[in-house]
Structures are given as structure tokens and as C-alpha cells.
Amino acid sequence: MNHIIGRCIVFSGTNVMRQFSKANLSPLFLHDGLRALSTSTNSARKMLAWQVESYGGPDSVKLVETPVPIIKKPNQVLIEVYATSINPLDIRMRGGYGAALMNRARGVTTAGDELPLTLGRDCSGVIVDKGQGVKNFEVGEEVWAAIAGPDQGAHAKYALVNSNALSPKPKNLSHTEAASIPYVAITTWSGIYAVAKFRPETAPDKRVLILGGSGGVGTFAIQLMKAWGCHVTTTCSAAAMDFVATFNPDNMVDYNKNPASELQRLGPFDLIFDTVGGDTESYAMPSLGKRSHYITLITPFLRMIDEQGALRGSLSASWALFSKARQANNYGGKYRWSFATPNTYALSEVAKLAEEGLIKPTVERVFPFEDMPAAFANVETRSARGKTVVNVKGEVEAEVPKTADFYMS
């Protein structure tokens, strides 16, 4: 008799276990119900992954051996990860940010049952298995993906991804280059395309302000808006201006030197896209135009639910949003929050722009897989200049200090 316990299947017959061992097959793939979901009957049994076993600081991320994910739904694909990246969201999630709401999406009712958790929202690699319902992708195909927050991530040798969260990888990009783009792409796309309703065909000559032009999302947003024909103004520090200038914004504003008056001089803007938060709203919102949009990625929504619970947190967040919307309305604009939503169409359109040379990767530094903690530290302790990428497969060499042993001790 076979017994399903949580995510594992225990085989009570010793003969079955001996056959499993000799054949080097995963017992999950021997179960008829699960095999019917997959196009494969074989899988690597174990893999290495960087996981959070308890929420905390840098030393909470551990390198462990864990089972390769098993396809459980017809629309899933299994990707061998060639490269991934570190996003600010990974650092926040390492400390438990958003766990209360994400656990609802995970179907977890008791806090802590979601652990261990593999972080990593970006993925570039090769499909090694797919569910029976996946028709638009093939085993062996090179793809990139943006993995939703509630799902197990890509800081591992293999990642399980819904087919609506990936597209073919741009042919002109290496995996390490490609891994720097998916999550910033769908983050930007969600705010500009889905929330603000900007479209490539109507965007030309629109005036766009991007707050925080030197970070991963900012550098991508500048490129996307320029590719759509917009007039782009961005903020950054004086030290970052030479870097940001490589993306050809029309104007750059030093946020340390009275940005409010300069932005009002350059405005009004049809769209303000805020990747920074903090005091940006106080000096940027007055440069809104009539019927324009202020879209921010920095919201208190998940934090309030973490701190106050679902009901009170939602009410507090709603009041905060209403207050900001009323303030923006005083300037004639609309104020909206935006959350990244994985989207095959978005990734496909961005892949086309990348192949045309209109979107270029902004990889600041590449770390090998065994130095994942150093990659986290690079994002956590330094001012952003593009993306930090982790080379999982060993596609290129990266000269970085070997610090994994320190963090794993």
C-alpha cells in the first residue's frame, strides 16, 4: 500500500524500495496519479538549494540537499536552473516579510509550515520536464521565468514554475544575462502596462518620471519607456549619473539637491513610476499632471497584514491607500499601488525587445552558486547599480571571495 503524507509518498513494500534504488527513480514518479501529470518517468532524486529554515538575517540562508521538485499540476514545468538573481524582495522574505498573506496563497494555515523556503524570483535555464497540460513549451527548450512570491524559488539547481510565468529566453542573451531581467520586467510591466494602462502604441511622447533610475527595476523601466518612445526623466544620486546615462534618459535629477523644484520645472508628467518610496512622494507628487498616474511599488500592504492580521491589516492598508489617492487627486492625478504578477505575455514581449537590442541586461556582478550569501550581501550592503546574478550552472567564472563556509558554519 502507498501512503501519501504531505508532499512525500511512502512505499510500504520493501521490494518496491529495492527496485526504486536500483533504477535510480524518484518514488514520486512511480505513483500513477503523479506520473499522469508529467511527460517524464525519471528525475534526479536530490539537488542542492539555498533555503531559509527559519526567518532571520544573513546566516538564516543555508545550503542543503533536498528532493528535486515534483510536477503536481498539469500546467507546471521543471526547469534546470542555469542562473538566478537576488532581488530586494528576497532579502525581505528572508526575514519573513509577507508571510501572513503568502501563506494564504500557499494553503498554509499554521505559521512556519511554509518552511523550509527556497527564495529567488528570477530564473533562466532549460526545461527538463513538463506537465501534460503544457503545450507551448518543450523539454530541452531554453526559457526564462519570473516566479510568484508564494512559490518555492530559483535559488536551487531546479525550480518548479507555472507555465504562465515563463517564456522562451532571448536568443542573444546568455543565461546569466537573462536571469537579471524577468522579475524586474514583470514588476515594471505590472505597474505601467496593467495598472497605469500604458500601451506601446499610445506611449510615444508621453512624459514619464522614474524614481530610482539606478536600481534593477529603474534601469529596466528607463529602457522600456525609451523603447516605447516616451520622454523619460529619472532620479538618482550624483554618483550614479554616469551609470544611468548609459540608458539614455532625457533628464536626470539628483535627488539630493532640491528635487521638488527641478521636477516641477520638468513636469508635469503623464506617469510617475516610484521604485524607491520613502520621501519620494513628498517631492514628486506635485509634478503630477491632470489625469496622470502615480504608480508606486513601495506599499505597506503586506507589512500591515503581517503586523495586524488579515482583517485589521487590510483595513489599515485601505485607509493608507485612500489617503494617498486623495492627495494625488489634489494635483489632478491618480495614485495606485502595484504588485508584480508573473505574465508570459509580458516576458515574451520583453524578449522581443531584448533581441532587438532595445532592452539590455544590467548585470553589476556575478557570483557562483556556492557563494549565494555573498550575493545577498552585495545587494544588502551596497547602493544598487543594476542586478546581482548567481551563476547556478557554472556558465561563466566569477571571481568573488569564497564566503559560503563562513555562513554555513
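P268 sits in the loop that runs between α10 (259–266) and β14 (269–274). In this predicted model, the peptide bond leading from G267 into P268 is cis, with omega near 0°. A second cis bond turns up between L115 and P116, again with omega of about 0°. P116 also has a loop for its home, this one between α5 (99–106) and β6.

Zooming out for a moment, the protein chain is built from 16 helices and 18 strands. The chain has 409 residues, and buried ones account for 51% of them. About 18400 Å² of the protein chain is exposed, with carbon and sulfur atoms supplying 52% of that area. Then there is the matter of who touches whom. Take the contacts between residues at least 6 apart in sequence: 68% of them join residues at least 24 apart.

Strand β6, already met as one end of the P116 loop, belongs to an open sheet of three strands. The order across this sheet is β4-β3-β6, and the pairing is antiparallel. At the edges are β4 (61–67) and β6 (117–118), each of which pairs on one side only. As a rule, the strands of a sheet pair through backbone hydrogen bonds, and they can do so in parallel or antiparallel fashion. Here, β3 (residues 46–52) and β4 run antiparallel and are joined by seven bridges. To pick out one spot along β3 and β4, L48 has E65 of β4 as its bridge partner.

Now for the aromatic rings, where the structure holds 10 pairs. One of them brings together W189 and W228, which count as edge-to-face because their ring planes stand at 80°, with the centres 5.8 Å apart. W189 is part of helix α7, while W228 lies in the loop between α8 (216–227) and β12 (231–236), so this pair ties together parts of the chain that are 39 residues apart in sequence. Both W189 and W228 are buried. W189 also pairs with Y345, again edge-to-face, with 5.9 Å from centre to centre and 75° between the planes. That pair links distant parts of the chain, since W189 is in helix α7 and Y345 is in helix α14 (residues 344–355), 156 residues away.

How buried or exposed are W189 and Y345? W189 has a relative accessibility of 5%, so it counts as buried. Y345 comes out at 43%, so it counts as partly exposed. Put the rings together and one aromatic cluster appears, formed by W189, Y193, W228 and Y345.

Rings in this model also have charged company. The charged end of K206 sits over the ring of F198, 5.1 Å from the ring centre. Likewise, K393 lies over the face of Y82, and here the distance to the ring centre is 5.4 Å.

Finally, a couple of residues have backbone angles worth pointing out. D205 has a positive phi, about 75°, even though it is not a glycine. Where is D205 placed? It is found in the loop between α7 (182–195) and β11 (207–211). Its relative accessibility is 67%, so D205 counts as exposed. D205 still has partners from elsewhere in the chain: once neighbours within four places in sequence are set aside, it is in contact with G229 and C230. The C-alpha atoms of D205 and M225 are 10.0 Å apart, although 20 residues separate the two along the chain.

N258 is another residue other than glycine with a positive phi, in this case near 45°. The place of N258 is in the loop between β13 (251–254) and α10. With a relative accessibility of 52%, N258 counts as exposed, because the cut-off for that label is over 50%.

Note on methods:
Residues numbered from 1 in each chain as written. Predicted model: local features only at pLDDT ≥ 70, side-chain atom pairs only at ≥ 80, totals over all residues. Heavy atoms only, no water. Pairing = 2+ DSSP bridges. Helix = DSSP H or I, 4+ residues; strand = E, 2+ residues; numbered from the N terminus. Buried < 20%, exposed > 50% of the residue type's maximum accessible area, 1.4 Å probe, protein only. Contact = heavy atoms within 4.5 Å. Areas by Shrake-Rupley, 256 points an atom, 1.4 Å probe, with all protein chains shown as cover. Phe/Tyr/Trp six-rings, centres within 6.5 Å; stacked < 30°, edge-to-face > 60°. Lys NZ or Arg CZ within 6 Å of the ring centre and 35° of its normal.
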